[in-house]
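Hi,

Here is the structure I promised to pass on. Have a look at it first, and then read my notes below.

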Amino acid sequence: MYNIYCFVSGIDTRALTKKIREKGSMLGKVVIEEVEPESVPFDDPNKRNLVAEVSSKVCFWVIRNKAGICHNFKVIC
C-alpha cells in the first residue's frame with residue numbers, strides 16, 4: 001500500500017462541513033500553493049464510469065469442500 005498523507009490547512013473545516021451539509025456534494029479540488037487554482041480543471045466523477053474503473057476483469061470463486069478447506073478458482077468475467 002501507499003503511505004500518502006494529505007493535510008488541509010488555512011480553512012475553517014467546520015464552515016466547510018456546514019456548507020457541504022447545506023448544499024450537498026459539490027465538485028472541488030485541492031491545489032498546492034505554487035499552482036494557480038484556475039489552471040487545474042475540475043474532475044467531475046459523474047461523467048465517468050467509476051464502476052468500470054474499480055472493477056476487476058478477473059473474478060475469484062471460493063469453494064469450501066467437506067473438510068472445510070477453501071479452494072480459490074480464478075475465472076475471467
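The largest pocket comes to a volume of about 530 Å³. Keep in mind that this is a predicted model. If you want to find the pocket on your screen, 18 residues line it, and those nearest its centre are Val 8, Ile 11, Leu 16, Lys 29 and Val 30. What classes of residue make up the lining of the largest pocket? The count is 10 nonpolar residues, four polar and four charged.

Some of those names come back when you look at the surface. Val 8, Ile 11, Leu 16, Ile 20 and Met 26 make up a nonpolar patch there, and together they have about 440 Å² of accessible area. So Val 8, Ile 11 and Leu 16 belong to this surface patch, and they are also among the residues nearest the centre of the largest pocket.

Let's take Val 8 on its own for a moment. You'll find Val 8 in the segment before α1, the helix that covers 13-23. Is Val 8 buried or exposed? Its relative accessible area is 55%, and exposed means over 50%, so Val 8 counts as exposed.

Now jump along the chain to Val 30, which sits in the loop between α1 and α2 (50-54). Val 30 is exposed as well, because its relative accessibility is 69%. How far apart are the C-alpha atoms of Val 8 and Val 30? The answer is 8.7 Å, although 22 residues separate the two along the chain. You can make another check from Val 30 to Phe 42: these two are 12 residues apart in the chain, and their C-alpha atoms are 9.8 Å from each other.

Next, the overall layout. The protein chain contains two helices and two strands. Starting at the N terminus, the order of the elements is α-α-β-β. How much of the chain counts as buried? For the 77 residues of the protein chain, the figure is 1%.

Last topic: salt bridges. There are three of them in the structure. Here they are, one by one:

- Asp 12 pairs with Arg 14, and their closest N and O atoms are 3.6 Å apart.
- Arg 48 pairs with Asp 43, with 2.5 Å between the closest N and O atoms.
- Arg 48 also meets Glu 53, at 2.9 Å from N to O.

Arg 48 turns up in the bridge with Asp 43 and again in the bridge with Glu 53. That gives a network of salt bridges linking Asp 43, Arg 48 and Glu 53.

How open to the outside are these charged residues? Start with the network: Arg 48 is partly exposed, as its relative accessible area is 33%. Asp 43 has a relative accessible area of 48% and is partly exposed, and Glu 53 is partly exposed too, with 48%. In the remaining pair, Asp 12 counts as partly exposed because its relative accessibility is 40%, whereas Arg 14 is exposed at 67%.

If you'd like a route through the structure, start at Val 8 in the segment before α1, go on to Val 30 in the loop between α1 and α2, and finish at the network of Asp 43, Arg 48 and Glu 53.

Happy browsing!

Methods: Residues numbered from 1 in each chain as written. Predicted model: local features only at pLDDT ≥ 70, side-chain atom pairs only at ≥ 80, totals over all residues. Heavy atoms only, no water. 1 Å grid on protein atoms, 1.4 Å probe; cavity = no way out; pocket = protein on both sides within 12 Å on 5 of 7 lines; lining within 4 Å. Points joined across faces, edges and corners; volume = space filled by probe spheres on them. Nonpolar A, V, L, I, M, F, W, Y, C, P; charged D, E, K, R; others polar. Patch = residues over 30% accessible without salt bridge, like charges linked within 9 Å, V, L, I, M, F, W, Y side chains within 5 Å. Areas by Shrake-Rupley, 256 points an atom, 1.4 Å probe, with all protein chains shown as cover. Salt bridge = Lys/Arg side-chain N within 4 Å of Asp/Glu carboxyl O. Helix = DSSP H or I, 4+ residues; strand = E, 2+ residues; numbered from the N terminus. Buried < 20%, exposed > 50% of the residue type's maximum accessible area, 1.4 Å probe, protein only.
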